[in-house]
Amino acid sequence: MRFAVRVRPGARRDAVGGRWDGGSVPALRISVAAAAVEGKANEAVRRLVAEAFGVRVRRVRIVAGERNRNKVVELDPAPADAASRLATLLGPQDPD
């Protein structure tokens, strides 16, 4: 399973949740306290996604955007309830 994330490095605290609609597809918001230096923020993103989906960190991979705030993350294998967890984390969609 692959999905888009929007990362905010250097945040006050780590957090996962919310929808970012600034790209071509809605992305899951992730805030990490780690700075975007030497891959520290990317490792924090992997750890937070693993916790949010109940998988091991080694099952989470950043497949696009390693040097960008907009990333594509892959869960392999994804848990059976991954789609519903993602929908919950994204939150309600804004009405048109």
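This passage walks through the overall fold, the nonpolar core, one buried asparagine and a hairpin in a predicted model.

Starting with the big picture, the protein chain is built from two helices and five strands. Read from the N terminus, these elements come in the order β-β-β-α-β-β-α. The radius of gyration works out at 12 Å, close to the 12 Å that the globule rule gives for 96 residues, so the chain is as compact as a globular protein of that length. Along the principal axes, the C-alpha atoms fit in a box of roughly 40 × 30 × 25 Å. As for what is tucked away, 32% of the 96 residues count as buried. The accessible surface adds up to about 6100 Å², and carbon and sulfur atoms contribute 46% of that. Contacts between parts of the chain well separated in sequence also show up: of the contacts with a separation of 6 or more, 47% link residues 24 or more positions apart.

Turning to the inside, the largest nonpolar core holds 20 residues, and the ones touching the most other members are Phe3, Ile30, Val32 and Val49. Two or more residues each are supplied by strand 1 (2–8), strand 3 (27–31), helix 1 (40–53), strand 5 (70–75) and helix 2 (82–90). Helix 1 puts in the largest share, with seven residues. Ile30 gives a good feel for the packing. Setting aside residues up to four places away in sequence, Ile30 touches Val5, Arg6, Val7 and Arg8, then Ala15 and Val16, and finally Val45, Leu48 and Val49.

Helix 1 also carries a polar residue worth a look, Asn42. With a relative accessible area of 13%, Asn42 falls under the 20% cut-off and is therefore buried. Its side chain does find a polar partner: the side chain of Asn42 comes to 3.0 Å from the backbone oxygen of Glu66. Once neighbours within four places in sequence are left out, the contacts of Asn42 are with Ile62, Glu66 and Lys71.

That leads on to the hairpin. Strand 4 (residues 60–64) and strand 5 run antiparallel and are joined by four bridges. Within this pairing, Ala64 sits opposite Val72 of strand 5. Five residues lie between the two strands of the hairpin, and one residue in the turn, Gly65, has a positive phi of about 85°. Strand 5 thus turns up in two places in this account, as a partner in the hairpin and as one of the elements giving two or more residues to the core.

How values were computed:
Residues are numbered from 1 along each chain as its sequence is written. This is a predicted model: local features need pLDDT of at least 70, side-chain atom pairs count only at pLDDT 80 or more; totals for chains, interfaces and linings use all residues. Side-chain values use heavy atoms; hydrogens and water are left out. A nonpolar core is a set of buried Ala, Val, Leu, Ile, Met, Phe, Trp, Tyr and Cys residues joined through side-chain atoms within 4.5 Å. Buried means under 20% relative accessible area, exposed over 50%, partly exposed in between (1.4 Å probe, protein chains only). Contact means heavy atoms within 4.5 Å. A polar contact is a pair of N or O atoms within 3.5 Å; within protein, one must be able to donate a hydrogen and the other to accept it, and residues adjacent in sequence count only if both atoms are side-chain atoms. The radius of gyration is taken over C-alpha atoms; the globule rule is 2.2 Å times the number of residues to the power 0.38. Accessible areas come from the Shrake-Rupley method with a 1.4 Å probe; for residues, only the protein chains shown count as cover. Two strands pair if DSSP finds at least two bridges between them.
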